[in-house]
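The following exercises are to be worked through with the sequence and the coordinates at hand. Each task is followed by a solution in steps.

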Amino acid sequence: MHVLITGASSGIGEAIAREYLKRNADITVVARRKDRLDELCAGAQSGTHVIAADLAPGRSTADPCAAVVAEAIAALGPIDVLINNAGMQIVDSLVNTNIADGERLIELNLMVPLRMSKAVLPGMMQRRHGAIVDIASMAGIMPTPQMSYYSASKGGLGAASEGLRGELRPHGIHVLTVYPGPVSSDMESAAREKFASSPATRYMPTGTPAELARLIADGVERKTDRIIYPRVYGLSRHLPNLGRWLTDRFTPSLK
Ligand SMILES: NC(=O)c1ccc[n+]([C@@H]2O[C@H](COP(=O)([O-])OP(=O)(O)OC[C@H]3O[C@@H](n4cnc5c(N)ncnc54)[C@H](OP(=O)(O)O)[C@@H]3O)[C@@H](O)[C@H]2O)c1
């Protein structure tokens, strides 16, 4: 099995890569920090391929997604599982956010997963086999104040991913949509630093990348439609108005 993971140099993506290495899968890992990808792959028992790439280099540079997929296939063969995980976050008011930064976030978090999926699909459709995993966010279900670009990107990715599932089922391809709530990582601690401390932030249930990675690899095997993690946040999918009211009223202000 060949699994391509974007954003594998830290946090959730790194944990997913480690989980697949434990399961003896071949992995292609993509991110900008090559040293961290090399370290992750050192001593692996299965096939590994490292691609150091900025997946959202801006409008003046050619989109790298198709080339990344072609390189992965040339190195380790057809891709069985694509994990669209690479992402960035901006925690700031819309009025203070630089437009270019916000639009770069939309490109990385929303357009890159669609481009990556489009690039793997011809091969998966031909073989009538494959899985695409989209790492969206609870912020797409319960949009968070001070995170307009991020919530928009994750709401968009979740919607595209849920729709793609029915579109690709007849082709033998499975789509798993993942909605993490807070999961310990560099991104999560940077966000926590930005908000004033409050009971909401102090007692928020927070998961671990390793446990989420296990759930994702199991979910791909069992063809699970979606994962909400930590599980307690699943309530907000069934009571979205309550979830939105809570984030609207109880998200603390910025420090
Ligand atoms: N942690 C949470 O609480 C949480 C909650 C909901 C959703 N998520 C989502 O989970 C995913 C992983 O986040 P994380 O928490 O693990 O954060 P993280 O530790 O900051 O990881 C982000 C990953 O994305 C890569 N990346 C960032 N910009 C890139 C670019 N331009 N080109 C290629 N790769 C790039 C980073 O690698 P380089 O810097 O080396 O390029 C890194 O490997 C993201 O999509 C995030 O939105 C996280």
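**Exercise 1. The nonpolar surface patch**

Determine which residues form the nonpolar patch on the surface, and which helix gives the largest share of the patch.

Solution. Step 1: the model is a predicted one, in which local features need pLDDT of at least 70 and side-chain atom pairs count only at pLDDT 80 or more, while totals for chains, interfaces and linings use all residues. Residues are numbered from 1 along each chain as its sequence is written, and side-chain values use heavy atoms, with hydrogens and water left out.

Step 2: patch members must have over 30% relative accessible area and no salt bridge; like charges are joined within 9 Å, and nonpolar side chains (Val, Leu, Ile, Met, Phe, Trp, Tyr) within 5 Å. Accessible areas come from the Shrake-Rupley method with a 1.4 Å probe, and for residues only the protein chains shown count as cover. A salt bridge is a side-chain nitrogen of Lys or Arg within 4 Å of a carboxyl oxygen of Asp or Glu.

Step 3: the patch consists of Val232, Leu235, Leu239, Leu242, Trp245, Leu246 and Phe250, which together have about 670 Å² of accessible area.

Step 4: helix α10 (residues 240-250) supplies the largest share, four residues. Helices (H or I, at least four residues) and strands (E, at least two) are DSSP runs, numbered from the N terminus. Leu242 lies in α10 and is partly exposed at 44% relative accessible area. On this scale buried means under 20%, exposed over 50%, and partly exposed in between (1.4 Å probe, protein chains only).

**Exercise 2. The cysteines**

Establish how many disulfides a search of the whole structure finds, and explain why Cys41 has no such bond.

Solution. Step 1: a disulfide is a covalent bond between the sulfur atoms of two cysteines. The criterion is a pair of cysteine sulfur atoms within 2.5 Å.

Step 2: the search finds zero disulfides. For Cys41, the closest cysteine sulfur is that of Cys65, and the separation of 19 Å is too far for a bond.

Step 3: both residues are buried, Cys41 at 9% relative accessibility and Cys65 at 1%.

**Exercise 3. The ligand site**

Identify the residues closest to the ligand, and find which polar atoms of Gly7, Ser10 and Asp54 approach the ligand.

Solution. Step 1: 29 residues surround the ligand, the closest being Ser9, Arg32, Asn85, Tyr150 and Ser185; a residue counts as near if one of its heavy atoms lies within 4 Å.

Step 2: a polar contact is a pair of N or O atoms within 3.5 Å; within protein, one must be able to donate a hydrogen and the other to accept it, and residues adjacent in sequence count only if both atoms are side-chain atoms. A polar backbone atom of Gly7 is 3.0 Å from a ligand oxygen. A side-chain N or O atom of Ser10 is 2.8 Å from an oxygen of the ligand, and one of Asp54 is 2.8 Å from a ligand nitrogen.

Step 3: the ligand taken alone exposes 880 Å², of which the protein buries 94%. Elements giving two or more residues to the surrounding shell are α1 (11-22), α4 (99-127), α5 (148-168) and α6 (186-194).

**Exercise 4. Salt bridges**

Count the salt bridges, and locate the partners of the Arg18–Glu14 and Arg226–Glu162 pairs.

Solution. Step 1: the count is 17 salt bridges.

Step 2: Arg18 and Glu14 meet at 2.9 Å, N to O. Both lie in helix α1, four residues apart, about one turn of the helix. Arg18 is partly exposed at 39%, whereas Glu14 is buried at 18%.

Step 3: Arg226 and Glu162 meet at 2.7 Å, N to O. This pair links distant parts of the chain, with Arg226 in strand β7 (residues 226-229) and Glu162 in helix α5, 64 residues apart. Arg226 is partly exposed at 27%, and so is Glu162, at 22%.

Step 4: Glu193 and Lys255 form a salt bridge with their closest N and O atoms 3.8 Å apart. Salt bridges that share partners also join Glu19, Lys22, Arg23, Asp218 and Glu221 into one network.

**Exercise 5. Backbone geometry**

Find which residues a cis peptide bond joins, and state where Asn24 is found.

Solution. Step 1: the cis bond joins Tyr229 and Pro230, with omega about -10 degrees; Pro230 is in the loop between β7 and α9 (235-238).

Step 2: Asn24, a residue other than glycine, has a positive phi near 65 degrees. Asn24 is in the loop between α1 and β2 (26-31) and is exposed at 55% relative accessibility.
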